[in-house]
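Trainee: I should like to understand how the terms used for a protein structure are justified. May we go through one example together?

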Amino acid sequence: DVLEITDTANIHGTFSAADGLLTLSGADSVTNYQAALRSVKYRNASANPSLPARTVSFVANDGAGSNVATRDVSVVLNARPTLTDLADQTIPEDGTTGQLTFTVSDAETAASALGLTGSSDNPALVSDERIVFQGSGNTRTVTISPLANAFGSARITITVTDADGAA
């Protein structure tokens with residue numbers, strides 16, 4: 001279990017996994033401390049996270065004293081979205097794959113809200129901009145078009161991302 005915070009100019013956060021304590025320190029306004037506390041994120045680093053509630057303590061020290069607040073944190077498992085595999089493709093020079101159909105899904109995010117990105121390990125053959133997605137819902141298509149007069153091989157990676165950023 002990890003609590004994470006992005007440090008600001010005046011507020012520094014340190015998390016101790018041994019006792020579940022996130023300590024914020026530095027002189028700043030109450031408003032900035034409230035904003036910092038609202039930015040705290042919980043991350044379970046386990047490959048098989050357990051779901052019971054956790055109790056964590058927040059300690060803010062502005063140099064004039066410390067207060068401790070204890071809260072239960074509910075753990076909600078965010079499953080990674082999935083997409084079906086696509087077979088390897090051979091494309092003639094100056095050709096295209098045509099539309100290749102695949103499906104996307106996620107346990108927590110509606111299919112229409114899932115994002116897709118494509119990347120090529122050989123941009124001299126296939127630039128990322130030439131990996132074009134279409135469709136909505138669970139059924140999507142991708143068309144891959146190499147650059148004119150280019151030949152060789154490229155590994156195309158398609159990533160599906162849910163509303164929480166899981167990929």
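Mentor: Let us begin with a term: a contact means heavy atoms within 4.5 Å. The model before us is predicted. In its protein chain, residues 24 or more positions apart account for 55% of the contacts with a separation of 6 or more.

Trainee: What makes up the protein chain, and in which order do the elements run?

Mentor: The protein chain has one helix and 12 strands. From the N terminus on, the order is β-β-β-α-β-β-β-β-β-β-β-β-β.

Trainee: Why is Thr-90 called exposed?

Mentor: The term exposed requires over 50% relative accessible area. Thr-90 has 78%, and therefore it is exposed. This residue is found in the loop between strand 7 and strand 8. Its C-alpha atom and that of Ser-153 are separated by 9.0 Å, although the two residues are 63 residues apart along the chain.

Trainee: Why is Asp-94 called partly exposed?

Mentor: Partly exposed covers the range between under 20%, which is buried, and over 50%, which is exposed. The relative accessible area of Asp-94 is 47%, so this residue is partly exposed. Asp-94 also lies in the loop between strand 7 and strand 8. Its phi is near 65°, a positive value in a residue other than glycine.

Trainee: What makes Asn-149 count as exposed?

Mentor: Asn-149 counts as exposed because its relative accessibility is 57%, and the cut-off is over 50%. It is found in the loop between strand 11 and strand 12. Asn-149 is not a glycine, yet it has a positive phi of about 60°.

Trainee: How much of the protein chain counts as buried?

Mentor: Of the 167 residues, 28% count as buried; the term applies under 20% relative accessible area.

Trainee: What makes a set of residues a nonpolar core?

Mentor: The members are buried residues of certain nonpolar kinds, joined through side-chain atoms within 4.5 Å. The largest such core has 13 residues, and Val-104, Leu-116 and Val-142 have the most contacts inside it. Strand 8 (100-105), strand 11 (139-144) and strand 12 each give two or more residues to this core. The largest share, three residues, comes from strand 8. A second, separate core has eight residues, including Leu-3, Ile-11, Tyr-33 and Val-40.

Trainee: Which residues does Val-142 touch?

Mentor: Not counting residues up to four places away in sequence, among them are Leu-86, Phe-102, Ile-131, Phe-133 and Ile-158.

Trainee: How do you know that strand 10 and strand 11 pair?

Mentor: Pairing requires at least two bridges between two strands. Strand 10 and strand 11 have six bridges, in the antiparallel sense. Val-132, for instance, stands opposite Thr-143 in strand 11.

Trainee: What makes strand 7 and strand 10 edge strands?

Mentor: Four strands form an open, antiparallel sheet in the order 7-8-11-10. Strand 7 (82-83) and strand 10 (131-136) each pair on one side only, and they are the edge strands.

Trainee: What is the volume of the largest pocket, and which residues are closest to its centre?

Mentor: The largest pocket has a volume of about 730 Å³. Of the 26 residues that line this pocket, Asp-88, Gln-89, Ile-144, Ala-154 and Ile-156 are the closest to its centre. The lining divides into 15 nonpolar, seven polar and four charged residues. Strand 12 (residues 156-161) gives the most to the lining, with three residues.

Conventions
Residues numbered from 1 in each chain as written. Predicted model: local features only at pLDDT ≥ 70, side-chain atom pairs only at ≥ 80, totals over all residues. Heavy atoms only, no water. 1 Å grid on protein atoms, 1.4 Å probe; cavity = no way out; pocket = protein on both sides within 12 Å on 5 of 7 lines; lining within 4 Å. Points joined across faces, edges and corners; volume = space filled by probe spheres on them. Nonpolar A, V, L, I, M, F, W, Y, C, P; charged D, E, K, R; others polar. Buried < 20%, exposed > 50% of the residue type's maximum accessible area, 1.4 Å probe, protein only.
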